[in-house]
Amino acid sequence: MVAMEPQDQDAPGFYTPVGTRRKFFQWVTEAAAGLIGLSLTIPLVGYVISPALKRRDKPWVEIGGMDELAAGEPKQLDYVATIRDGYWEAKTHKAVWAVKQSDGQVTVFSPMCTHLGCGYHWDTMDRRFKCPCHGSVYDVSGRVLAGPAPRHLDALPFKIEQGRLLVMYKEFKSGFTEQIEL
Ligand code: FES
């Protein structure tokens, strides 16, 4: 009887197929489990953090009826706005100035003076918008007539639907000659 020499497992070309296959299937199983976990985690993380990454919503808000505006007479329109910023939501009172010009064109102005952001009012006697803080004066079309205001009143986007006036409220940096949205 011929004695069997133990095989040298380090010899070139020698490998154990059973051990290698087991490792391969283990690796495939782990990789599949990882992929499944990842595919579940990414949408979940996106769902959780996406509201926090969203910019503040600027929805259209109804502020009044067109029949409330008399030609050439600016009117302050008050409304309650819902502001959403990520998970945070609040209701706030806002006011804008709307003017139906004598030619029927409508303009809606931000309520903030472009100098340092004070609220201004319409002087019915002088027919001017006047800011009480530092004396800026604007005409009915929002043009600066006097004072330190660096630019005209900021006009806001608006639309008219079935006789109702809707505005998209925006705020701009005060004190600059150009309009920079916040
Ligand atoms: S904030 Fe209106 S003039 Fe200064």
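Trainee: Before we start, what does buried mean here?
Mentor: Buried means under 20% relative accessible area, and exposed means over 50%, with partly exposed in between. Keep in mind that this is a predicted model.

Trainee: OK. Is Asp 154 buried or exposed?
Mentor: Asp 154 is buried, because its relative accessibility is 3%.

Trainee: Which residue does Asp 154 form a salt bridge with?
Mentor: With Arg 151; the closest N and O atoms are 2.9 Å apart. Arg 151 has 7% relative accessibility, so this residue counts as buried too.

Trainee: And which residues are joined into one network by salt bridges that share partners?
Mentor: Asp 123, Asp 126 and Lys 130. Within that group, the side chains of Asp 123 and Lys 130 meet at 3.1 Å, N to O.

Trainee: Where does Asp 123 fall, buried or exposed?
Mentor: Buried, since the relative accessibility of Asp 123 is 18% and the cut-off for buried is under 20%.

Trainee: What about Lys 75, what does that one bridge to?
Mentor: Lys 75 pairs with Glu 68, and the closest N and O atoms are 3.7 Å apart. Lys 75 is partly exposed, at 32% relative accessibility. Glu 68 is also partly exposed, at 34%.

Trainee: How many salt bridges turn up in the whole structure?
Mentor: The search finds 10.

Trainee: Changing topic. Which residues make the nonpolar surface patch of about 450 Å²?
Mentor: Phe 24, Phe 25, Trp 27 and Val 28 make that patch.

Trainee: Where does Phe 24 lie?
Mentor: In helix 1, which covers residues 17-53. Phe 24 has a relative accessible area of 46%, so this residue is partly exposed.

Trainee: Now the open sheet. What is the strand order?
Mentor: The order is 1-10-9, three strands with antiparallel pairing.

Trainee: Which strands stand at the edges?
Mentor: Strand 1, residues 60-65, and strand 9, residues 158-161. Each of these has a single partner strand, so one side of each is left without a neighbour in the sheet.

Trainee: How are neighbouring strands turned against each other?
Mentor: By 30° on average, with direction ignored.

Trainee: And how many bridges link strand 1 and strand 10?
Mentor: Five, in the antiparallel sense, with strand 10 covering residues 164-168.

Trainee: Which residue in strand 10 is the bridge partner of Gly 65?
Mentor: Arg 164 is the partner of Gly 65 there.

Definitions and conventions
Residues numbered from 1 in each chain as written. Predicted model: local features only at pLDDT ≥ 70, side-chain atom pairs only at ≥ 80, totals over all residues. Heavy atoms only, no water. Salt bridge = Lys/Arg side-chain N within 4 Å of Asp/Glu carboxyl O. Buried < 20%, exposed > 50% of the residue type's maximum accessible area, 1.4 Å probe, protein only. Patch = residues over 30% accessible without salt bridge, like charges linked within 9 Å, V, L, I, M, F, W, Y side chains within 5 Å. Areas by Shrake-Rupley, 256 points an atom, 1.4 Å probe, with all protein chains shown as cover. Helix = DSSP H or I, 4+ residues; strand = E, 2+ residues; numbered from the N terminus. Pairing = 2+ DSSP bridges. Axes fitted to C-alpha atoms, helices over the stretch in contact; angles between N-to-C directions.
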